[in-house]
Every structure is written in C-alpha cells, then in structure tokens.
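Biologist: I'm new to this one. Could you walk me through how you decide what to call things?

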Amino acid sequence: MVALVGALADAWAGALNFAQPVGGASDAENDAIGMSDAGLLEALRAGFAVKRENDALLTRLAGQVVERSRPSLGQEGLAKRTGNATAAMLLADIGRITVAEASRLCRVGSATATPVTLLGERLPVAFPAVAEALSAGRIPVDAAEAIMSNLEQARANANPEDLAFAEEALVEFATENPADLVRKLAIRTRDRLDTDGIEPREEQLVAKRGWHRINRRDGMVRYVFDADPLSAGFVDAWVDAHVGNAIRGVRMREAEAVPDTTDTGHDTAAHDPDQCGENHELPDPRTFPQLRADAIVDLVRHGLSCTDRTVPGLGPGVTTTMIVRIGLDELMTGLGEAQIDGIEQPISAGTARRLAVEAEIIPMVLGGDSEVLDLGKARR
C-alpha cells in the first residue's frame, strides 16, 4: 500500500505541473481545479488503486471480525462484547459507514479468508483467484462479491474444472471492466455452469415473490414488492411505457384554449397569465418515482373499473411491449435460457415459449404425439 500511496503522490505532483491554484491556497479542491485533463485522469487512476488496496485490507480485517464474532462464541464474541449484535454493525459503528457496506466487507472477507480446521490445519481458499486478485488490489470489493456469490450458486452442480476456469476468466475481466459489467457476466456464467439448468433456480425465485404492506407513522403506506424476473419484466414494461409517454408528451400539459371573455365573462388570467393570446404548456411537477407510482395506481384503477378484466386495458395512446430475446434452437427445444430486456436475471426457455403462446405468436407447443407441452392463457 505504501508504494501505491507513493504512486498517488507522484501522480498528483505531476498533475500539479499544470496547476493554477485559485486564491493562493494549496488545498485539494484548488489543485484539482488547476489540473490538466491528463493529470486529473492519472490522479484518479492512482487514487482508485489506493482505494482498492485499502478495501482489500479492510476485507481482511472484516473477515477476522466475523470469525471472532461467530455465533458459537455467544456473548464472548467480539461484536457482542462491544455492544453490537453483528460483525457488520460493529464495522458500521467503527467506520461510520452504512450497514450494507459493512455487510459487503464481511461477506467478502469471510469468503476469501483461509479456512482453518479445529486442529489448526489450513485448508484451501474457496475462491483462490478472487482472493489473490483482491489482496493485490487488482479488483474491487463489489466485483469480488459478484463473482463469488454467483459461482457459489453454481458450485453444487458445476464441474470443478469449469468452475475454476470461469473464476479465473471473471477475475481477468474484472481487472479491466466496471463492477456492473462483471456482475452481469457473472450471472450469465453461473447459468452456463449449472448443469441442472435454469429451471430449478427460476422456480425458487418465483416462490420468493411477495407483496408486503407497511403502515408508516406519517400516514403513508409503503408497499414492498419482491418480483421474480418474469414478473419484473411485466411491471417494468408497463411502468416504462407510461413514464416514457409522460416524458414525450404528458409531462407538458397543454393549457385549455383561452375562452372568449367578451360574452362569457370568464377570467383568462389562469390560462393566459401574460395576456399574449397564446396557449401555454405547464410543466408536470411530478418526479420520476411519482410517475412510476402513478403508473401502477392507474393500472389498478383501470382494472377495478374494467368490465372485462381478462386483459388489462392500456392508457390512451400508450402501448406496452416486453422484449424477450431467445435463440431459435432454445425456442424450439425449450432448453436453455431467454433474456428479458432490462432484467439481469434470465428466464428459462420454457417460460419464454409460454410467453410466445400467450402473445399469440404461436398457438401452442406440441410434442411428437401431439401432446400439449406449453399452452398460454390467451383467449382463442
């Protein structure tokens, strides 16, 4: 870490060759203002290298906190002795960070720590490539967690050699790409490694779906909606269509035509405040979260008032489309996976085939003996 801090200092000093301090002060803000573009980028690279090294050190310390706070120690555990319920809460208290960030450090620290038996024998690390790259500061904590969590899900059904190769490939990818891309690739890799296919995991996700209602003290009602990938695809498609419609046109509401006050005596000030004789567009004050909430409420209100509730109606001028991508072989065989645009978690090919039936792209899927394999819910 000392070397990386020195590299950061050198990069900072090099960037300051072009600096023009503001107001004679030599603080970080004035230094950054005067840096050239190349110097600023170089200082950022060096700074993030130091951050990765520091985060790696924190994960090692967090792993030890987890070990010394394990439930088997009871009240003698480190977290309990310091007045904290868990190791993550202890880290959050000391580091003044969120519990979510502290939990991430604990998970990664535990997963990359060297296991030790009761006899003191050191066992191999579960993810050696990730542990080595993390300790060397080559990958960030977020990328390490994404790789390990997804590979761990595939471990039970994956070939060990394939698992090791995938780990090394993901680590190499993580050294040059953002953590968000690493997470997406790790999800796809997990599904490729799982010899049982995606269907069992898809069934587990569907079983976890739920809707919870929470009454808040300020009078608001909070709904917590846990959706499986397919359900999330339907909801996202509906909400995105309505929000997009609001952005394109509804967000700018046209004022009503200015009435002729000669005969009616109506006050035109509300419609034509500057008396220019033209219609005005009033900005929609709703935020994006409010627009999304209104889209769901509008759908529910329509469903309650609709006489034919088999197919939810659409708002005026709004069409809803959920895009599902699947290969022809997967569609024909029902084996493999499909992807819903905007949803990271894939769905099974069988689910995609049923969607195709419901969308009336195909009437039904039959087996060799005309046995119905997949039948959608569309009315025919």
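Biologist: Why is R104 called partly exposed?

Modeller: Buried means under 20% relative accessible area, exposed means over 50%, and partly exposed is in between, with a 1.4 Å probe and protein chains only. R104 comes out at 22%, so R104 counts as partly exposed. Keep in mind that this is a predicted model, where local features need pLDDT of at least 70, side-chain atom pairs count only at pLDDT 80 or more, and totals for chains, interfaces and linings use all residues. Residues are numbered from 1 along each chain as its sequence is written, and side-chain values use heavy atoms, leaving out hydrogens and water.

Biologist: What makes R104 and D142 a salt bridge?

Modeller: The term needs a side-chain nitrogen of Lys or Arg within 4 Å of a carboxyl oxygen of Asp or Glu. Here N to O is 2.8 Å, and the pair counts as a salt bridge. R104 sits in helix α6 (residues 99-112) and D142 in helix α8 (residues 141-154), 38 residues apart; helices here are DSSP runs of H or I with at least four residues, strands are E runs of at least two, and both are numbered from the N terminus.

Biologist: And why is D142 called partly exposed?

Modeller: D142 has a relative accessible area of 38%, so partly exposed is the label.

Biologist: What about R188 and E337, how do you know that they form a salt bridge?

Modeller: Their closest N and O atoms are 2.6 Å apart. That pair links helix α10 (residues 179-193) to strand β6 (residues 337-340), 149 residues apart.

Biologist: Is E337 buried or exposed, and why?

Modeller: E337 is at 11%, so E337 counts as buried. R188, at 32%, counts as partly exposed.
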